[in-house]
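Good morning, and thank you for the time on today's agenda. I should like to take the group through one structure that may be new to many of you.

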Amino acid sequence: MASRKMLSFKRAIVLAVFFLIAFILLRRSHTTANDPEPFRKPPPNPADENDKHVGAPHNPSTTSYTPGADQVVPPQKAIQDMSKMSLYDKLAYQYPYDVETRFPAYIWQTWKWTPASGEFTFRDQEASWTTQHPGFVHEVITDQVAVHLLKLLYAPIPEVLEAYNAMPQPVLKADFFRYLILLARGGIYSDIDTFVIRSALEWIPNTVPKESIGLVIGIEADPDRPDWREWYSRRIQFCQWTIQAKPGHPILRDIVSRITEETLKRKREGVFISKEKSVVEFTGPAVWTDTIFDYFNDPRYFDLKHSQGNISYMNFTGMDTPKKVGDVVVLPITSFSPGVEQMGAKDYGDPMAFVKHDFEGTWKPESERHIGENN
C-alpha cells in the first residue's frame with residue numbers, strides 16, 4: 001500500500017514537470033519580434049570610433065541611446081585657467097551672454113533699510129514695482145547684504161571685490177552694485193526713489209522681438225542749449241537709475257571692467273574723488289554713457305563697413321519714440337524722466353511714460369539736487 005502511494009506521488013511530479021516544460025515551449029513558439037523582452041538589451045556598439053556621437057537612432061527597448069542629428073546636445077563648458085585671462089575675458093567666461101534667453105524676472109533696488117524696517121520711507125515707490133510685476137522676485141538690498149551677495153557672485157574674480165571694497169563713498173558702491181548685479185543675474189535695476197508707471201513688459205515695442213534685445217536703456221538728458229556743459233557731463237546722457245538687462249551683456253561687462261581697473265588705479269594713487277575725477281565721471285551716468293557709445297561703435301558687435309559713420313548724440317537728440325540699435329532698445333527721455341518739463345520730456349500720462357523718478361539724490365548735498373531743472 002505504501003509503495004503504491006509512493007508511485008502516485010512520483011507520477012504527479014513527473015506530470016507537473018512535463019506540463020511546465022510544455023507550457024514554456026508553447027509560449028516561446030508564439031513570441032514575436034515585437035513582443036517585449038524580460039530584460040532590455042544594451043545599446044549596440046558603434047561601428048566606428050568616430051561614430052559614437054553621430055546619427056545613432058533611438059531604440060525604445062534600450063536604457064540609453066545616442067541622439068540623432070535632430071537632437072542637439074549642448075557642449076559642456078571646459079574648465080579654463082582664468083589666471084591668464086584679462087578682466088574682460090574673465091567676466092565673459094564667468095557670465096556668458098545669450099540674447100535669445102528671456103529677461104530674468106528680477107527687480108533689484110538698494111537702500112539703507114529694507115521695507116520691513118520702520119525707517120524705510122519709500123514704501124509707495126517700492127510697492128509700485130511689486131504691484132506692476134506680479135511673479136517677479138523683488139529685492140531691496142542693504143549695504144550689508146550687498147557685500148555678502150557680491151562675495152558669492154564674484155568670488156572667482158577677486159579684483160572686482162577688491163575694487164568694490166576699496167570705494168570710499170556709498171554712492172560709488174551703489175553705482176557699481178547695479179552694474180554688478182545686472183551683469184551676474186540680469187533683470188531690472190531701479191533706484192529706490194522711482195515709481196513705476198507701466199510694467200516692464202510694455203517697455204519693448206511689440207514690433208521688436210524680445211529675443212533680439214539684451215538691454216533696455218533710456219535717455220536722462222538731452223540738453224539742446226549752448227551752456228549744456230554747465231549742467232551735464234554729456235550732450236546726450238543715458239539714464240542709469242533704471243536699467244533692464246539680460247545677464248552677461250557686453251556693455252555691463254565693459255563698464256564693470258572699466259570701473260574695476262580705474263578703482264584699483266585710484267587706490268594705488270591714493271586719490272578717489274576730486275574736481276576732475278567726479279562721481280559722475282567715475283561710476284555715474286558719464287562713464288555709463290561713454291561705455292554705451294563705445295559699444296555702438298565697436299566693430300566686434302556692429303558692421304561698421306556699411307554704416308553711415310559713427311553713432312553719436314545726433315542719432316538720439318530730440319527722439320520721442322524708441323530706437324533699436326543692435327541688441328539695445330533706447331527709450332526717449334519721457335520714458336524714465338516724465339514730467340521734468342524740459343528737454344522735450346512729456347507728462348506722466350503720456351503712453352511712453354514708464355518710470356517716474358523723484359530725484360531724491362540723497363547722497364548729494366541739498367544744493368546739488370535737481371540740478372538743471374527748469375532752467
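I shall speak about one helix and then about some salt bridges. Please keep in mind that this is a predicted model.

Let us begin with helix α9, which covers residues 285-296. At 1.5 Å a residue, its 12 residues should span 16 Å, and the end C-alpha atoms are indeed 16 Å apart, so expectation and model agree.

How many of the 12 residues of α9 are buried? The count is 10, so the helix is largely enclosed by the rest of the structure. Among the buried residues are Trp288, Ile292, Phe293 and Phe296.

Two aspartates of this helix deserve separate attention. The side chain of Asp290 forms a salt bridge with that of Arg234, at 2.8 Å from N to O. This pair links distant parts of the chain, since Arg234 sits in the loop between β5 and β6, 56 residues away from Asp290. Asp290 is partly exposed, with a relative accessible area of 26%, whereas Arg234 is buried at 19%, the cut-off being 20%.

The second aspartate, Asp294, meets Arg258 in a salt bridge of 2.4 Å, N to O. Arg258 belongs to helix α7, so this contact ties together parts 36 residues apart in sequence. Here both partners count as partly exposed: Asp294 at 40% relative accessibility and Arg258 at 27%.

Turning to the whole structure, a search finds 17 salt bridges. One of them joins Lys356 and Asp358, at 2.4 Å, and Lys356 is partly exposed, at 25%. Elsewhere, Asp175, Arg178 and Asp191 are joined into one network by salt bridges that share partners.

How values were computed. Residues are numbered from 1 along each chain as its sequence is written. This is a predicted model: local features need pLDDT of at least 70, side-chain atom pairs count only at pLDDT 80 or more; totals for chains, interfaces and linings use all residues. Side-chain values use heavy atoms; hydrogens and water are left out. Helices (H or I, at least four residues) and strands (E, at least two) are DSSP runs, numbered from the N terminus. The expected span of a helix is 1.5 Å times one less than its number of residues. Buried means under 20% relative accessible area, exposed over 50%, partly exposed in between (1.4 Å probe, protein chains only). A salt bridge is a side-chain nitrogen of Lys or Arg within 4 Å of a carboxyl oxygen of Asp or Glu.
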